[in-house]
Structure formats: structure tokens, C-alpha cells
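Subject: Handing over the structure, with notes on what was found

Dear colleague,

I am passing this structure on to you, and I would be glad if you could look it over before reading further. My notes on what was found follow directly below it.

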Amino acid sequence: MARAGERSALAFDFGTKSIGVAIGQELTGTAKPLAAIKAQDGIPNWPNLEKLLEQWQPDLLVIGLPLNMDGSEQELTTRAKKFANRLHGRFGYAIEMQDERLTTVDAKEKLFELGGYKTLEKGAVDSLAAALIFESWCTEQYEA
């Protein structure tokens with residue numbers, strides 16, 4: 001297992017229809033969006049998710065925690081925690097939860113800057129949001 005500061009992580013932006021995915025490097029504090037995983041009512045395509053884990057072999061998983069703007073929990077918060085627990089239970093990875101407030105808004109702004117409305121495809125937004133979740137998690141690690 002890699003030491004803290006040298007770990008790689010898969011980051012997830014949980015959603016009920018699409019789960020954004022990004023691969024991140026703790027050393028650089030950056031992440032690259034990957035293809036989003038389709039979900040049905042929050043349940044991912046587990047075989048596709050397993051292939052991703054086998055391909056990237058991350059040291060940990062960072063899951064976005066959807067909170068209301070005042071920091072309170074919502075139904076999606078509980079579902080994202082359940083997703084995190086299932087990932088840990090199925091695959092045994094260390095899990096970190098990260099506040100994801102405004103990451104989808106930031107992702108849409110960045111994609112729009114890069115190419116207008118045509119870049120705002122749902123999977124692209126979700127996976128860029130996952131990259132931003134990882135990057136904000138890294139920032140918090142170094143501020144602590």
C-alpha cells in the first residue's frame with residue numbers, strides 16, 4: 001500500500017442515474033475524469049465498477065457527500081453513504097467521504113467554458129464533478 005501523500009484514488013460523484021468517476025493522484029492533488037457509470041435508482045452496474053477497480057487498482061476511494069447548502073443531510077446523503085458502505089463491503093477498499101457542495105455547479109461552469117452547451121453531457125459533468133471532489137479532498141488533507 002502506498003504511503004499517505006503517494007496514494008491513488010478513484011473518486012465518485014454519486015447519483016441515482018449516473019455515477020461520475022475520476023482517477024486521482026494524491027501526490028499532485030489532481031484528478032482526471034473517467035467515463036461515468038450508469039446506475040438504476042442509485043444502484044451501479046457492479047461488474048463495470050469492479051472492472052474499473054481492477055484496471056486502476058486505487059489505494060482508496062473518495063465518495064462525494066451530497067449535503068444541503070447549510071450542511072444538513074438530505075435523502076441523497078444517506079444513499080451516497082450506503083453506496084460507500086457497499087463499495088467497502090464488496091471490495092474492501094478504504095473509503096473517504098468528501099463534502100461535494102457546489103462541485104456539479106463548478107463542473108458545469110468549467111465544461112461550458114471549454115466548449116459551450118455541447119460539452120454539458122450528463123456523464124461528463126458527473127465525472128468532472130468526481131475529479132473536483134477528489135481535488136477538494138486533497139486540499140483538505142494538506143490543510144489539516
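Asp41, Glu75 and Arg79 are linked in a network of salt bridges, a salt bridge being a side-chain nitrogen of Lys or Arg within 4 Å of a carboxyl oxygen of Asp or Glu. Please keep in mind that this is a predicted model, in which local features need pLDDT of at least 70 and side-chain atom pairs count only at pLDDT 80 or more, whereas totals for chains, interfaces and linings use all residues. Residues are numbered from 1 along each chain as its sequence is written, and side-chain values use heavy atoms, with hydrogens and water left out.

Within that network, Asp41 forms a salt bridge with Arg79, and the closest N and O atoms of the two are 3.0 Å apart. This pair links distant parts of the chain, since Asp41 sits in the loop between strand 4 (37-40) and strand 5 (43-44) while Arg79 belongs to helix 2 (residues 75-91), 38 residues apart; helices (H or I, at least four residues) and strands (E, at least two) are DSSP runs, numbered from the N terminus. Asp41 is exposed, with a relative accessible area of 55%, and Arg79 is partly exposed, at 22%, where buried means under 20% relative accessible area, exposed over 50%, and partly exposed in between (1.4 Å probe, protein chains only).

The structure holds four salt bridges. Another of them joins Glu26 to Arg7, with the closest N and O atoms 2.8 Å apart. Glu26 lies in the loop between strand 2 (18-25) and strand 3 (30-33), and Arg7 in the segment before strand 1 (8-13), so this pair ties together parts that are 19 residues apart in sequence. Both Glu26 and Arg7 are buried. Lys81 forms a salt bridge with Glu73, the closest N and O atoms being 2.6 Å apart; Lys81 is partly exposed, with a relative accessible area of 31%, and Glu73 is partly exposed too, with 45%.

Turning to the strands, two of them count as paired if DSSP finds at least two bridges between them. Strand 2 pairs with strand 3 in the antiparallel sense over four bridges, and Gly24 has Ala31 as its bridge partner in strand 3. Their hairpin has four residues between the strands, and Gly29 in it takes a positive phi near 70°. Strand 2 also pairs with strand 4, in the antiparallel sense over two bridges, with Lys38 of strand 4 as the bridge partner of Ser18.

Strand 4 is joined by two bridges to strand 5, and these run antiparallel; in their hairpin, which has two residues between the strands, Asp41 takes a positive phi near 50°. Along strand 4, Ile37 and Ala39 point to one face and are buried, whereas Lys38 and Gln40 point to the other and are not.

Finally, the largest nonpolar core (a set of buried Ala, Val, Leu, Ile, Met, Phe, Trp, Tyr and Cys residues joined through side-chain atoms within 4.5 Å) has 20 residues, and those with the most contacts inside it are Leu10, Phe12, Leu49, Leu61, Phe83 and Leu87. Strand 1, strand 2, strand 4, helix 1 (46-56), strand 6 (60-65) and helix 2 each supply at least two residues of this core. Apart from it lies another core, of 13 residues, among them Leu60, Val62, Ile133 and Trp137.

With best regards
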